[in-house]
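I sat down with this model to look up a few side chains, some charged pairs and a pocket. My notes follow in the order I went.

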Amino acid sequence: MLEVSTADLTKLQTWFSPSFPVGAFSYSHGLEWLVETGEVRDVSSLRGWIEGVLLHGSGRSDAILLCAAWRAAAAQQWSELQEIAALAAALQPTAERRIESLGQGTAFCAAVTAAWPHPLLDHFRQTSPREIAAPVAVGVAGAAHQLPLDALLVAFLQAFAANLVSAGVRLIPLGQSDGLKVTSMLEPVVDEVSRQALADGLDDVGSAAILTDIASMRHELQYTRLFRS
């Protein structure tokens with residue numbers, strides 16, 4: 001059972017709100033190309049694709065990286081944290097996915113540092129690369145403000161899934177009720193991925209969602225695009 005204080009809950013709701021200034025709404029994670037081809041066209045196919053991303057793709061890998069970053073930051077193991085940040089950046093399979101993760105991560109870190117300053121965040125920014133992948137930025141910020149790792153991880157994954165649902169609602173298009181149905185169906189998946197990530201380590205990072213990487217590559221060449229990835 002997650003034990004989250006009112007102050008912690010307020011931060012989590014704010015940091016992972018769709019209005020938080022990281023530009024999440026402008027990324028589709030390759031979904032736009034899949035809608036263009038007809039591979040994702042309704043509630044069932046949208047749910048299946050996002051579930052695959054969470055269980056076997058970047059959702060799973062990012063969850064493990066977030067946990068590793070949180071633990072390294074909490075222990076102030078700076079050299080290890082730098083290695084985690086470099087690994088997270090290097091794992092991005094395409095140019096657009098790199099922009100998606102590093103753009104949001106860097107923006108997240110800047111926003112949290114400006115509104116919730118902390119010496120640990122300042123030190124991290126002084127010792128780490130200029131651009132930070134999203135899971136690393138979230139893990140470090142959560143550790144700095146002593147947010148429970150399990151709650152932070154669930155909030156991160158749910159926000160990631162919800163953003164993809166929102167992209168699907170706009171692209172397919174689907175009604176808001178259908179979008180909420182997909183979000184609801186993904187709740188146990190978010191729980192499963194978060195529970196497993198808490199027990200995994202960096203050696204467990206890996207992806208089997210090859211088609212999501214191909215979708216991102218094809219999106220880079222897509223003629224008409226609404227999203228940046």
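**Entry 1: T212**

Which residues does T212 touch, not counting residues up to four places away in sequence? I looked, keeping in mind that this is a predicted model. The list for T212 reads W49, V53 and R97. I then checked where T212 sits, and it lies in helix α12. Its relative accessibility is 7%, so I put T212 down as buried, the cut-off being under 20%. I also took a distance to F227: T212 and F227 are 15 residues apart in sequence, and their C-alpha atoms are 15 Å apart in space.

**Entry 2: Q92**

R97 turned up again when I moved to Q92. Q92 is found in the loop between α5 (78-90) and α6 (95-115). Buried or exposed, I wondered about Q92? Q92 is buried, with a relative accessible area of 17%. Leaving out residues up to four places away in sequence, Q92 touches R97, R98, S101 and L102. I also found a partner for the polar end of the Q92 side chain: one of its polar atoms lies 2.9 Å from the backbone oxygen of A88.

**Entry 3: salt bridges**

Next I went after charged pairs. Side chains of opposite charge can pair when their charged atoms come close. How many salt bridges does the count come to? I got 5, and I wrote up some of them.

- R47 and E51 meet through their side chains at 2.9 Å, N to O. Both lie in helix α3 (residues 43-56), 4 residues apart, which is about one turn of the helix. R47 is partly exposed at 29% relative accessibility, and E51 is partly exposed too, with a relative accessible area of 23%.
- D178 pairs with K181, with 3.8 Å between the closest N and O atoms. This pair also sits within one helix, α10 (residues 176-185), with the partners 3 residues apart, about one turn. I have D178 as partly exposed at 25% and K181 as partly exposed at 49%.
- E96 bridges to R225, the closest N and O atoms being 2.6 Å apart. E96 lies in helix α6 and R225 in the segment after α12 (210-219), so the pair ties together parts that are 129 residues apart in sequence. E96 counts as buried at 6% relative accessibility, whereas R225 is partly exposed at 39%.

**Entry 4: the largest pocket**

Last, I turned to empty space. Rolling a probe the size of a water molecule over the atoms shows where empty space is left. The largest pocket has a volume of about 1000 Å³. Which residues lie nearest its centre? I noted Q104, F156, A159, F160 and N163, out of 50 residues that line the pocket. The elements that each give two or more residues to the lining are α1 (6-15), α4 (58-74), α6, α8 (134-144), α9 (149-171) and α12. Of these, α9 supplies the largest share, 13 residues. I sorted the lining by type as well: 29 residues are nonpolar, 16 are polar and 5 are charged.

**Entry 5: looking back**

Two helices from my earlier entries came up again at the pocket. Helix α12, where T212 lies, is among the elements that give two or more residues to the lining. So is helix α6, where E96 lies.

Definitions and conventions
Residues are numbered from 1 along each chain as its sequence is written. This is a predicted model: local features need pLDDT of at least 70, side-chain atom pairs count only at pLDDT 80 or more; totals for chains, interfaces and linings use all residues. Side-chain values use heavy atoms; hydrogens and water are left out. Buried means under 20% relative accessible area, exposed over 50%, partly exposed in between (1.4 Å probe, protein chains only). A polar contact is a pair of N or O atoms within 3.5 Å; within protein, one must be able to donate a hydrogen and the other to accept it, and residues adjacent in sequence count only if both atoms are side-chain atoms. Contact means heavy atoms within 4.5 Å. A salt bridge is a side-chain nitrogen of Lys or Arg within 4 Å of a carboxyl oxygen of Asp or Glu. On a 1 Å grid over the protein atoms alone, a cavity is a set of points where a 1.4 Å probe fits but cannot get out, and a pocket is an open set with protein on both sides within 12 Å along at least five of seven lines; lining residues have an atom within 4 Å of a point. Grid points are joined across faces, edges and corners, and a volume is the space filled by probe spheres set on the points. Ala, Val, Leu, Ile, Met, Phe, Trp, Tyr, Cys and Pro count as nonpolar, Asp, Glu, Lys and Arg as charged, and the others, Gly among them, as polar.
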